[in-house]
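Q: Could you take a close look at one part of this model for me, the hairpin and what follows it, and then walk me outward from there? Keep it chatty; I have the structure open.

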Amino acid sequence: MKKIDYRKNFKIVKNIDWKLVTIVLVIFLIGILILSSATHANITKNYTQIYKQLLAFLLGVGIIMLMMLFDYDSVGKYYKELYIFSIVMLLIVWIPGLGDRQFGAISWIRIGKFNLQTSEIVKMTFILSYAKIVEKHKDSMNNLRVLFKLVVYAMPIIGLLLAQPDLGTAIVFVCIIFFMLYVVGLDKKIIRNTLISILLLTPLMYMFMAPHQRVRIVNFFNPELSSNYQVLQSMIAIGSGGIFGKGLYMGSQNQENFLPVRDSDFIFAVLGEEFGLVGMLIVIILFMLLITRLLMIAKKSKNVYGTLIVSGITGMFVYQIIQNIGMTVGLMPVTGVTLPFVSYGGSSILTSMANIGIVLNVYLRRRRIY
C-alpha cells in the first residue's frame, strides 16, 4: 500500500489562498439567505431552490479540489482543443430537441429535468485557451497584424453568442478579452480608438439587435415607460429599504410578488429592500475584496499565462457584478447577467466556482511547494 505523504498534503493546504476562499464563502452564504426570501421559502416551506443552490456549491467545492491535482500550465498545451470544445458547446444549443429557448435566447440545453447554459462552461474554457494565444504574442501585442489575429480568434465565439442572441454574455467575453490584452500592454491609443469606434457604431448595432434587446435599450433611456416594469419595481424595492432595510422576509415588493425575476437577475433588489443601504454596501465591499484579491493573485503568478488566466476571470467577474447591480438601480440596461455566487442558478454557481478553482490553482503554484 502506498504511503500517504502527509507533509506534501499539508503544504498544499497551507498554500491555498484561504482569504479568497473565505470571501467567496461569505458572499455565497449571504446569497443563500437572500435567496430564501426571494423564493418565499419562509412562507411555502419549499426549499427546493435552496437545496439545488447548496448542491451546486458543494459540487463546485469538489471541482475546486480536483483542480488542485494538476498544474494549470499542463492545460495550456491543449488550448486548440479547448477552443474547438468552446465552439461545439455553443453550437449544440441549436440541436432540435436539445436546445432550450429562455428569455428570448437559445442559450440552454435541456438534459432531463436539468437545464444547462453552455456559455457558462465556455467562459472557463475560452479563458484557458485565449490566455495561451495572448501569451504567445505578448511581445508584439501592438502590431496591428497580431492584434487582428487575436480579434479573429475570438470572433466565432462572440458571433455564436450574438446569434443565440445573448448580448449580455457576449459583452462578458469582450470584457474578458479586454482585461487580458490590457494586462500585456495593449496601447492606450488603440483602446481609445476602439471605444470611440464602438460608440459611433452603436446606432448600426441597434438595427441588428433582437426585438427584446431593442426594448431594453429603449427602456434604459426612457425609465418612465410602463414596459420598464422590472427596473421600476427594482428601484422602488431598493428605495423603500432605506438605510437599514425592512428586515429579512419583510420586503413588500419581494413578498407580494411585485419584483420580477427576484431569485436571479434582480436578487440585489431583494437585498436592498430587506437589508437597506447597509446591506448593499456590505455586499459591494465583499465584491471589492474579491476583485482586489484576484488582482493580487494575477500579479503573483509564476508566469504570464497564469497572470492572463486570472486577469480574464477578473474581467468576467467585474463586468457581471457591475452589470447586475447597475441594472437593478437603472444605471445599466437590463440583461440576463447574474450576480456571482448570489443569484440562483446551478450553471452560474458551478462555473463561478470552477473559475475560482483555476485562480486557486494559479496561486498554489506561484512557487514550488513539492
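A: Strands E2 (residues 105-111) and E3 (residues 114-117) pair up in the antiparallel sense, with four bridges between them. Keep in mind that this is a predicted model. Across the pairing, Arg110 stands opposite Asn115 in E3. The hairpin has two residues between its strands, and Gly112 takes a positive phi near 65° there.

Move along to helix H7, which covers residues 118-136. The structure holds ten aromatic pairs, and Phe126 with Tyr130 is a stacked one: the ring centres are 5.1 Å apart, with 20° between the planes. That angle counts as stacked because it falls under the 30 degrees cut-off. Why are Phe126 and Tyr130 about one helical turn apart? Because they sit four residues apart in H7. In general, an α-helix has 3.6 residues a turn, so residues three or four places apart point the same way. Both Phe126 and Tyr130 are buried, and they join Tyr83, Tyr153 and Phe173 in one aromatic cluster.

There's another ring to look at with Lys132, which lies over the face of Tyr305, 4.2 Å from the ring centre.

Next stop is helix H15 (residues 304-328), where you'll find Gln323. Gln323 has 2% relative accessibility, so it counts as buried. A polar atom of the Gln323 side chain lies 2.6 Å from the backbone oxygen of Pro333. Leaving out residues up to four places away in sequence, Gln323 touches Met332, Pro333, Val334, Thr335 and Val337.

Finally, swing over to helix H2, residues 18-38. Asp17 caps its N-terminal end, with a side-chain oxygen 3.2 Å from the backbone nitrogen of Lys19. H2 has 21 residues, so at 1.5 Å a residue it should span 30 Å, and its end C-alpha atoms are indeed 30 Å apart. Its buried residues include Leu20, Ile23, Val24, Ile27 and Phe28, along with Gly31, Ile32, Ile34 and Leu35; Ser36, Ser37 and Ala38 are also among them. What do the buried residues of H2 pack against? Their partners are helices H3 (41-44), H4 (48-67), H13 (252-255), H14 (267-300) and H16 (346-364). Just after H2, His40 takes a positive phi of about 60°.

Terms used. Residues are numbered from 1 along each chain as its sequence is written. This is a predicted model: local features need pLDDT of at least 70, side-chain atom pairs count only at pLDDT 80 or more; totals for chains, interfaces and linings use all residues. Side-chain values use heavy atoms; hydrogens and water are left out. Two strands pair if DSSP finds at least two bridges between them. Rings of Phe, Tyr and Trp (its six-membered ring) pair if their centres lie within 6.5 Å; planes under 30 degrees apart count as stacked, over 60 as edge-to-face and the rest as tilted. Buried means under 20% relative accessible area, exposed over 50%, partly exposed in between (1.4 Å probe, protein chains only). A charge sits over a ring if NZ of Lys or CZ of Arg is within 6 Å of the ring centre and within 35 degrees of the ring normal. A polar contact is a pair of N or O atoms within 3.5 Å; within protein, one must be able to donate a hydrogen and the other to accept it, and residues adjacent in sequence count only if both atoms are side-chain atoms. Contact means heavy atoms within 4.5 Å. The expected span of a helix is 1.5 Å times one less than its number of residues.
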